[in-house]
Amino acid sequence: MKRIITGIQSSGMPHLGNIINIVLPTIKYIKDNNINKYYIMIADLHSFTIYKNKNILINNIYINAAIWLSFNIQYYNKNLFFYRQSDIKEITELFWYLNCFFPLNRLKLFHSIKNNNNYNMGIINYPILMASDILLYNIDKVIVGIDQKQHIEITRKIAKLVNNKLNKIIFNIPKSLIFNNKLIPGIDGKKMSKSLGNIINIFANKYILEKQIMNIHTVNKNINNITYDEIKNTILLKIYKYISDNDEYSYIKDKIKNNRIGFYNIKKKLFKYILLKFNKERKLFNYYIENKKIIKKILLKGYNKIKKISKKRSYIINKELGFKI
Ligand code: TRP
């Protein structure tokens, strides 16, 4: 039995990339390998590195939880822990210990702070907090997107440093598990990001979703004057490919080849396809967002379920480091 962790920073609507690269494959992986133990964490402390205010912080926790719940994670399954990072004080305690093991110089090489002079200490230490999430539970595999792979390398490095220092294996050396690496473009072809206003939010209401899809940039040419290859390379078709399964994508490719359907109709089809494909999830998401008390209860249960292991592991770590006298 392996221990597997994943999580998404709760900083607003998780973008399509998170859903396609993390949530969907995690759900499938759990179904196919249900002998393992799964840790699905809402990374609210990581979102604190870009704190705006209390209400936004809270609301984003609910959104993050509702996303996972809308995909029907079996939070009641005894092998699954679904919890909020900030509930586990042992994580922040371990975070301090790990900070004292990792050289600043090494951390500075790290990509997200390289080109930014205005970062806070939380952003610098972001990967160390991730290491704490992982090492506290002696995780074997970490489900992440490729952009997080370096964080897992840092986690492995810290685990080895501590084990060496103590001359004892107190931390397992985790591996990253990357299922997909689809860089999903925004509707303007740039990187999908909320601040650029170019996202597709599959949980938005129908009208907004339709607008987002109809606004996907396309070339202003008659469909009969464009080659099939040109169409295939448009942002629209890229987005279509990432969202749809193989059958749907073959279907739309055939339609384009044989019937020469135009961009307008391709967009209409994509819109309908998303509504159909995520119909259940969209309903469940709204249900949970309208019933936040239920989310609160689920997260409290999640905390109670993981409390014992957190304390036990923390006890061992503290003892080995010398804090139990
Ligand atoms: N940093 C991850 C993200 O970008 C979230 C995260 C925090 C995480 N701690 C983790 C993922 C531990 C896997 C394991 O959303």
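**Exercise 1. State how far apart the centres of domain 1 and domain 2 lie, and give the bounds of each domain.**

Solution. Taken over C-alpha atoms, the centres of domain 1 and domain 2 are separated by 35 Å. The model is predicted. Domain 1 is made of two segments, 3–184 and 292–321, while domain 2 covers 204–277.

**Exercise 2. Describe the shell around the ligand by its residues and their class.**

Solution. Begin with the count: 15 residues surround the ligand. A residue belongs here if one of its heavy atoms lies within 4 Å of the ligand. The closest are Gln9, Tyr126, Met130, Asp133 and Gln148. Next, sort the shell by class: nine residues are nonpolar, five are polar and one is charged.

**Exercise 3. Find polar contacts of the ligand with Gln9, Tyr126 and Asp133, and work out how much of the ligand the protein covers.**

Solution. Apply a cut-off of 3.5 Å between N or O atoms.

- Gln9: a polar backbone atom lies 2.7 Å from a ligand oxygen.
- Tyr126: an N or O atom of the side chain is 2.9 Å from a ligand nitrogen.
- Asp133: the side chain places an N or O atom 2.6 Å from a ligand nitrogen.

Then turn to area. On its own the ligand has 370 Å² of accessible area, and the protein covers 92% of this.

**Exercise 4. Which elements give two or more residues to the shell around the ligand, and which gives the largest share?**

Solution. The elements are strand E1 (3–9), strand E2 (37–43) and helix H7 (121–135). The largest share comes from E1, with five residues.

Key
Residues are numbered from 1 along each chain as its sequence is written. This is a predicted model: local features need pLDDT of at least 70, side-chain atom pairs count only at pLDDT 80 or more; totals for chains, interfaces and linings use all residues. Side-chain values use heavy atoms; hydrogens and water are left out. Domain bounds come from an automatic or database domain assignment. A polar contact is a pair of N or O atoms within 3.5 Å; within protein, one must be able to donate a hydrogen and the other to accept it, and residues adjacent in sequence count only if both atoms are side-chain atoms. Accessible areas come from the Shrake-Rupley method with a 1.4 Å probe; for residues, only the protein chains shown count as cover. Helices (H or I, at least four residues) and strands (E, at least two) are DSSP runs, numbered from the N terminus. Ala, Val, Leu, Ile, Met, Phe, Trp, Tyr, Cys and Pro count as nonpolar, Asp, Glu, Lys and Arg as charged, and the others, Gly among them, as polar.
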